[in-house]
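User: Hi! I've just opened this one and would love a quick tour. Could you walk me through it?
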Amino acid sequence: MSQSLIQPLARLALSGDLARPALLSVADLLRWPQHRVRATFECATSGRRRHRFSGPLLHDVLADAGPGFDPERRKDRLRFLIAVTGTDGHHALLSWAEIDPDFAHAPVLLATRIDDTPLDGAGPQLVLPQDRCGARYISGITAIRVDGGYRSWS
Ligand SMILES: Nc1nc2c(c(=O)[nH]1)N[C@H]1C(S)=C(S)[C@@H](COP(=O)(O)O)O[C@H]1N2
Ligand SMILES: [Mo]
């Protein structure tokens, strides 16, 4: 019996300032163009790790969910945060500008596969080839929240 028949399918909730919030399985993430990357990162406790990942660009998936900014106004995007949470509560932030092609354009993936293992049961994993440390490679992602409500304190 294949693993997908005995393991429940993981789901990822996209929420926040989005016109089209969504609940996505790893199979749904195969609808976007899949990118492949070999990534190396360092873990403070287990040392250097190297993996092969494939999956859609986080930017492609979030852009299709309709983030609440005017796409013609680049400055409007700079206050948007992206909060990513894993099954175990591990939680980290990206800025929209980090993955936006008009700004840092980091090739961040929502991996559907790690090495030769599909992530249908475990849930997608964040892949940030620009990060030296592995701490933001969040596995088992259950929620991604886009938040455009950030304002300056001054
Ligand atoms: N959900 C979740 N993802 C996580 C972590 C975690 O504690 N929870 N730890 C991170 C850290 S600190 C590292 S170094 C990498 C380790 O990935 P590896 O087990 O594939 O080497 O996973 C990251 N992803
Ligand atoms: Mo780590």
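User: What does the secondary structure of the protein chain come to?
Analyst: Four helices and 11 strands; both are DSSP runs numbered from the N terminus, helices being H or I with at least four residues and strands E with at least two. This is a predicted model, where local features need pLDDT of at least 70, side-chain atom pairs count only at pLDDT 80 or more, and totals for chains, interfaces and linings use all residues. Residues are numbered from 1 along each chain as its sequence is written, while chains are lettered from A and ligands numbered from 1 in the order in which they are written.

User: Thanks! What is the radius of gyration of the protein chain?
Analyst: The radius of gyration is 16 Å, close to the 15 Å from the globule rule for 154 residues, so the chain is as compact as a globular protein of that length. That radius is taken over C-alpha atoms, and the rule is 2.2 Å times the number of residues to the power 0.38. The C-alpha atoms fill a box of roughly 55 × 35 × 30 Å along the principal axes.

User: Now the sheet: in what order do the five strands come?
Analyst: The order is E2-E1-E11-E5-E6, in an open sheet with mixed pairing. Two strands pair if DSSP finds at least two bridges between them. Strand E2 (22-25) and strand E6 (91-95) are the edge strands, each pairing on one side only.

User: How many bridges join E1 to E2, and do they run parallel or antiparallel?
Analyst: Four bridges, and the two strands run antiparallel; E1 covers residues 11-16. Arg11 stands opposite Ser25 in E2.

User: Switching topic, which residues surround ligand 1?
Analyst: Cys43, Arg49, Gly86, Asp88, His90, Gly134, Ala135, Tyr137, Ile138, Ser139 and Gly140. Each has its C-beta atom, placed from the backbone, within 6 Å of the ligand. The shell divides into four nonpolar, five polar and two charged residues. Here Ala, Val, Leu, Ile, Met, Phe, Trp, Tyr, Cys and Pro count as nonpolar, Asp, Glu, Lys and Arg as charged, and the others, Gly among them, as polar.

User: Last one: where is Gly66?
Analyst: Gly66 sits in the loop between helix H3 (58-64) and strand E5 (81-86).

User: Is Gly66 buried or exposed?
Analyst: Partly exposed, with 15 other C-beta atoms within 10 Å; 20 or more would make a residue buried and 12 or fewer exposed, with C-beta atoms placed from the backbone. The C-alpha atoms of Gly66 and Ala19 are 4.8 Å apart, though 47 residues separate them along the chain.
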